[in-house]
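Biologist: Could you take me through one part of this model in detail? I would like a close look at a single loop residue, and then a tour of how other loops fit into the whole.

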Amino acid sequence: MNAKPSWSVDETTARLKCLKERLRNDDPQLKSVFTQTFLDRELERAGHIDPKTEGALAGAIVSIKDLLDVEGFVTKAGTKFMENDPPAKEDAEAVKRLREAGAVFVGHTNMTELAYSGLGLNPHYGTPENALLEGCIPGGSTSGGAITVARGIADIAIGTDTGGSLRIPAAFNGIVGFKPTQSTVPRKGCKALSRSLDSVGSMAKSVSGCRMAYEVLAGDAAGKDELAEPTFVIPTNYGMDDLDPVVKAGFDEAIQVLKAKGYDIREERLEVLESLKNLPVWHFSAIESRGEYDDAYQARRDIMDPRVAGPTRMGRADEVDAVSYRKTLNMREDLIAQYNQEMGGKVLIMPTVPIMPPTFADIENDEDYGRLNLQVLRNPSVGNVMNACSISLPFVNDDKTIGIMMIACGGCDLALLGVAARVEKQFV
């Protein structure tokens, strides 16, 4: 499958100038989207791009989550305690590959501090508003990245996904979000939340955009190409309860559309998902984030987001001893093996998130924030725990947009992207 770009090199400079003007005029649609921009430098570079000699992403405008190093700029990870760190001496490996493919970068996008939430709020740099629903949150943690794509100011957004951080904001803003198999995209130069679960992936308005980004990011590690049409499995024992009526109606309609086109869709009880319920998934982010940022946690907690550094997240690492965490890691290894054996070439299909985007008022209370955060992370985190690849596609039903998520076994990235491209056509 050879994806074709939806952008033109001839328009890149004009688009960057337009964005610069909109930011100068404080366009409310772009409020709190970036933690910093690279526009002055990239405008100069854009004028020298030659589509005949540049790579597959020549002229593509790409936003970069504030976790990945961009040479000459400080990577803050959505924090205040890193804002005075030295500028990066070199691009993160993923950024380097994108640059070599001809991509132009607009800026570091806003995010939940340290990527530690699926809701997308940031008390330091503000929180961008949902692109579809006024007064609603964007989802996260790659919040600003999703808005750059949804608002049309970037063709591709690069971010990370630890428990849904690409797919949740994609679902909430009506775009495509792709979480690749972790090992296929290098994480060198990308600040970690959980080294066990973090994946570097992309968002775009179409599957083809995500595929083009993935092929550049993964290179030779991209894996096998398309497979025969898979059997889709809707789990009866995980991820399908407590659905918002709008999400349920949209998902049911999407399934009917696919069934009418001849897709094999079955409902099954999956034992591996029953076993997953016993895994303390919170161990990964709580303990491993402390492994990365414990110095700041101990000495500078007063300038950290209290919803990140509080006792229910980073602070919770103190509840776990080394033996208990090793047991968690062992259990995850067993779950991955069980998942691969039970699913084989089948593809899991579920709503990306069980709810519609909450309003900002909905998450003012810390208890509601915690409950909703767990709710939005529940379904997409399956893909991270199982070391799988996963994609969220937008689906519109009765003028309401939801996300339809597909999860395939690890290493099947290109096959999943091929399936997703065909499903995407049925959703139009």
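Biologist: Does Asp26 count as buried or exposed, and at what relative accessibility?

Modeller: Happy to. Please keep in mind that this is a predicted model. Asp26 counts as exposed, because its relative accessibility is 62%, and the cut-off for exposed is over 50%. The residue sits in the loop that runs between helix H1 (9–24) and strand S1 (34–37). Its backbone deserves a glance too: phi is about 55°, a positive value although Asp26 is not a glycine. Most residues other than glycine have a negative phi.

Asn387 makes a good companion to Asp26. Its phi is near 50°, again positive in a residue other than glycine. Asn387 belongs to the loop between helix H13 (381–385) and strand S10 (389–397). Here the relative accessibility is 26%, so Asn387 counts as partly exposed.

One more backbone feature is worth your time. The peptide bond between Gly140 and Ser141 is cis, with omega at about 10°. Most peptide bonds are trans. Ser141 is in the loop between strand S3 (104–109) and helix H4 (143–150).

Now for some loop residues that are covered. Asp91 is in the loop between strand S2 (61–65) and helix H3 (93–100), and it counts as buried because its relative accessibility is 15%, with the cut-off for buried at under 20%. Its side chain has two polar partners to look at. One is the backbone nitrogen of Glu71, reached at 2.8 Å; another is the side chain of Arg99, joined to that of Asp91 by a polar contact of 2.7 Å. Leaving out residues up to four places away in sequence, Asp91 touches Asp69, Val70, Glu71, Lys96 and Arg99. Both Glu71 and Arg99 are thus on the contact list as well.

Thr79 is also placed in the loop between S2 and H3. At 0% relative accessibility, Thr79 counts as buried. The side chain of Thr79 reaches the backbone oxygen of Lys76 at 2.7 Å. Beyond four places in sequence, Thr79 is in contact with Glu113, Leu114, His124 and Tyr125.

Further along the chain, Gly163 is in the loop between strand S4 (156–161) and helix H5 (167–173). Its relative accessible area is 10%, so Gly163 is buried. Setting aside residues up to four places away, Gly163 touches Ile168, Leu377, Pro380, Ser381 and Asn384. If you want a distance to check in your viewer, try the C-alpha atoms of Gly163 and Leu276: they are 113 residues apart along the chain and separated by 14 Å.

From Gly163 we can step across to Leu377, which is found in helix H12 (residues 366–378). Apart from neighbours within four places in sequence, Leu377 is in contact with Gly118, Gly163 and Ile168. Ile168 is therefore a contact of Leu377 and also of Gly163, with contact meaning heavy atoms within 4.5 Å. For another distance, Leu377 and Glu215 are 162 residues apart in sequence, and their C-alpha atoms are 27 Å apart in space.

The last loop residue on the tour is Leu279, between helix H8 (271–276) and helix H9 (282–299). Leu279 counts as buried because its relative accessibility is 6%. Not counting residues up to four places away, Leu279 touches Phe284, Thr328, Met331, Arg332, Leu335 and Val385. Leu279 and Lys205, 74 residues apart in sequence, are 34 Å apart from C-alpha to C-alpha.

Finally, the whole chain gives these details a setting. Its secondary structure comes to 14 helices and 11 strands. The C-alpha trace spans about 55 × 55 × 40 Å along its principal axes. For 428 residues, a compact globule would have a radius of gyration near 22 Å, and the 20 Å of this chain agrees with that. Of the 428 residues, 59% count as buried. Among contacts between residues at least 6 apart in sequence, 77% join residues at least 24 apart. The accessible surface comes to about 17000 Å², and 47% of it belongs to carbon and sulfur atoms. As for charge, there are 48 positive and 61 negative side chains, with the centres of the two sets 2 Å apart.

Note on methods
Residues numbered from 1 in each chain as written. Predicted model: local features only at pLDDT ≥ 70, side-chain atom pairs only at ≥ 80, totals over all residues. Heavy atoms only, no water. Helix = DSSP H or I, 4+ residues; strand = E, 2+ residues; numbered from the N terminus. Rg over C-alpha atoms; globule rule 2.2 N^0.38 Å. Buried < 20%, exposed > 50% of the residue type's maximum accessible area, 1.4 Å probe, protein only. Areas by Shrake-Rupley, 256 points an atom, 1.4 Å probe, with all protein chains shown as cover. Lys, Arg positive; Asp, Glu negative; His and termini not counted. Charge placed at Lys NZ, Arg CZ, Asp CG, Glu CD. Polar contact = N/O pair within 3.5 Å; in protein donor to acceptor, adjacent residues only side chain to side chain.
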